[in-house]
There are 2 protein chains.
Amino acid sequence: MKAVCLLSGGLDSATCLAHARRSGFECYALSFDYGQRHRVELEAARRIAAALGARDHRVAKIDLRVFGHSALTDEIAVPKDRDEAAMSSGIPITYVPARNTIFLSFALAWAEVLEANDIYIGVNALDYSGYPDCRPEFIHAFEHMGNLATKSAVEGRTRIHIRAPLIELSKAEIVRLAVELNVPLELTHSCYDPDASGRACGACDSCLLRAKGFREAGMADPACA
Amino acid sequence: MKAVCLLSGGLDSATCLAHARRSGFECYALSFDYGQRHRVELEAARRIAAALGARDHRVAKIDLRVFGHSALTDEIAVPKDRDEAAMSSGIPITYVPARNTIFLSFALAWAEVLEANDIYIGVNALDYSGYPDCRPEFIHAFEHMGNLATKSAVEGRTRIHIRAPLIELSKAEIVRLAVELNVPLELTHSCYDPDASGRACGACDSCLLRAKGFREAGMADPACA
């Protein structure tokens, strides 16, 4: 059984890949080079894919900067040191328009080529992420659309399932699941704004949520050793 | 009123752009450089966007070859001189996995940045195209998903409509509509496999359907002058 696994190199997607592996899938990991300022995550993705025994790992180069408009790709400053109230109010400026739609569309293309039925995505609807394309209703709508979009689905050779096993978990629960699944946490990279050497800033929303997750799970973060 | 208009440089998408313009939209044309063998269409798209008064035209560079598997991007030969029965049986090898899903996803991203409600796509379900992602049920499912995918839709600032005005038209009807809308037909380019100078092959499915459309509309094709 083959599965395409979206892999950013962060804690969530690495845990998701490990989950797919433990569920018995032969995993085809897919990352994107989209001009993100945190490009160190692509190197992290490569190492994680190897460590978790992905069958293949590809990096699709796509141009999300053509439309501008996000702190993850633009020269807008990444917000730092926000409190929980600020993080949970509204949709953050780090939102990239239609990003998960685009990522899932590429995963759908690869799934069709592989004749895979399953696509894993490490989205998470809790913990103030505030991204519309991380919610269950979005995932279900994409799955429905995906089964009308491809030759293999229309011909009955595939039946796409979008699997988002972390969608209802808190960050602390994800940390615990990652430990249980032997995710190489020291390789994962979550920071939106690392320094030139790839060190996490410790202050962006993603760093703060990660730190909170480890704290609540009662664990030290091996990536901060 | 702004609309994002997918524009390949072919007859259908040019007609679609002209339709959007006549409907009063300020049009933002979007093309893709995806390693297609018929790259001359990008130059055609540029000229058509200018001729039809698009407000902006962008070309997003994306890598569809990362997964291989289509005569439009690979070194697989484009089928030639097929009869209507062959063209109408099954899904052709020129099918690019999930292509319209990927294109519409990018259009959705740009629509969000522009706060546009409307996306035009020149798909056509008739005339043997055989592509699953050209059918009305696919378009409706994408529209539903798109309204759950973006910050602007979730916040109620946009309401996405995927407009496919050619979807139920025959090729002859599209030719007649193009003439009525003053589409610069001589600039449009439909061939899957042009020669080095950009001349249409006259034998691929796309050329044959175009020729049939002009013949049935009782017109000479200005692009063949």
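**Exercise 1. Take stock of chain A: how many helices and strands are there, and in what order do the elements run?**

Step 1. Count the elements: chain A holds eight helices and five strands. Keep in mind as you click around that this is a predicted model.

Step 2. Now walk from the N terminus. You should pass through β-α-β-α-β-α-α-β-α-α-β-α-α.

Step 3. Next, ask how the chain is packed. Of its 225 residues, 54% count as buried. Take the contacts in chain A with a separation of 6 or more: 73% of them come from residues 24 or more positions apart.

**Exercise 2. Work out the strand order of the sheet in chain B, and find which strands sit at its edges.**

Step 1. Line up the strands. The order in this open sheet of five is β3-β2-β1-β4-β5 in chain B, and the pairing is parallel.

Step 2. Look for strands that pair on one side only: these are β3 (56-61) and β5 (161-163) of chain B, the edge strands.

Step 3. Check the twist. On average, neighbouring strands of the sheet are turned by 25° against each other, direction ignored.

Step 4. Zoom in on one end. Strand β4 (residues 118-120) of chain B pairs with β5(B) in the parallel sense, over three bridges. Here B:Asp118 stands opposite B:His161 of β5(B).

**Exercise 3. Find the strands that α1(B) and α2 of chain B lie across.**

Step 1. Start with α1(B). This helix lies across β1 (2-6), β2 (26-33) and β4 of chain B, and runs at about 170° to β1(B).

Step 2. Move on to helix α2 (residues 40-51) of chain B. This one lies across β2 and β3 of chain B, at about 175° to β2(B).

**Exercise 4. Describe how α1(B) and α7(B) cross: what is the angle, and which residues make the contact?**

Step 1. Get the geometry. The axes of α1 (residues 11-22) and α7 (residues 171-180), both of chain B, come within 10 Å and cross at roughly 45°.

Step 2. Classify the angle. Roughly parallel needs an angle under 35 degrees and roughly perpendicular starts at 65, so α1(B) and α7(B) are oblique to each other. The crossing of α1(B) and α7(B) is left-handed.

Step 3. List the contact residues. α1(B) supplies B:Leu11, B:Asp12 and B:Thr15, while α7(B) supplies B:Ile174, B:Leu177 and B:Ala178. Sorted by type, the residues of this contact are four nonpolar, one polar and one charged.

**Exercise 5. Dissect the side of chain B that touches chain A: which element gives the most residues?**

Step 1. Tally the contact: 35 residues of chain B are in contact with 35 residues of chain A.

Step 2. Sort chain B's side by element. Those giving two or more residues are β3, α4 (99-114), α5 (136-149) and α6 (151-154) of chain B. The top contributor is α4(B), with nine residues.

Step 3. Sort by residue type. Chain B's side divides into 22 nonpolar, six polar and seven charged residues.

Step 4. Follow α4(B) over to its partner. α4(A) and α4(B) pack at an angle of about 175°, their axes 9 Å apart. Anything over 145 degrees counts as roughly antiparallel, so that is what α4(A) is to α4(B).

Step 5. Pick out who meets whom. On the α4(A) side you have A:Thr101, A:Ile102, A:Ser105, A:Phe106, A:Leu108 and A:Ala109; on the α4(B) side, B:Thr101, B:Ile102, B:Ser105, B:Phe106, B:Leu108 and B:Ala109. This helix contact has eight nonpolar, four polar and no charged residues.

**Exercise 6. Look at the positive phi angles of A:Ala98 and B:Glu115: is each residue buried or exposed?**

Step 1. Recall the background: most residues other than glycine have a negative phi.

Step 2. Take A:Ala98, with a positive phi near 55°. A:Ala98 sits in the loop between α3 (84-88) and α4 (99-114) of chain A. Buried takes 20 or more C-beta neighbours; A:Ala98 has 27 inside 10 Å, so it counts as buried.

Step 3. Now B:Glu115, whose phi is also positive, at about 55°. B:Glu115 belongs to the loop between α4 and β4 of chain B. The cut-off for exposed is 12 or fewer; B:Glu115 has 10 other C-beta atoms within 10 Å, so it is exposed.

Notes:
Residues numbered from 1 in each chain as written. Chains lettered and ligands numbered in written order. Predicted model: local features only at pLDDT ≥ 70, side-chain atom pairs only at ≥ 80, totals over all residues. Axes fitted to C-alpha atoms, helices over the stretch in contact; angles between N-to-C directions. Helix = DSSP H or I, 4+ residues; strand = E, 2+ residues; numbered from the N terminus. Parallel < 35°, antiparallel > 145°, perpendicular 65-115°, else oblique. Left-handed = near helix turned anticlockwise from the far one by under 90°. Contact = placed C-beta atoms within 7 Å. Nonpolar A, V, L, I, M, F, W, Y, C, P; charged D, E, K, R; others polar. Pairing = 2+ DSSP bridges.
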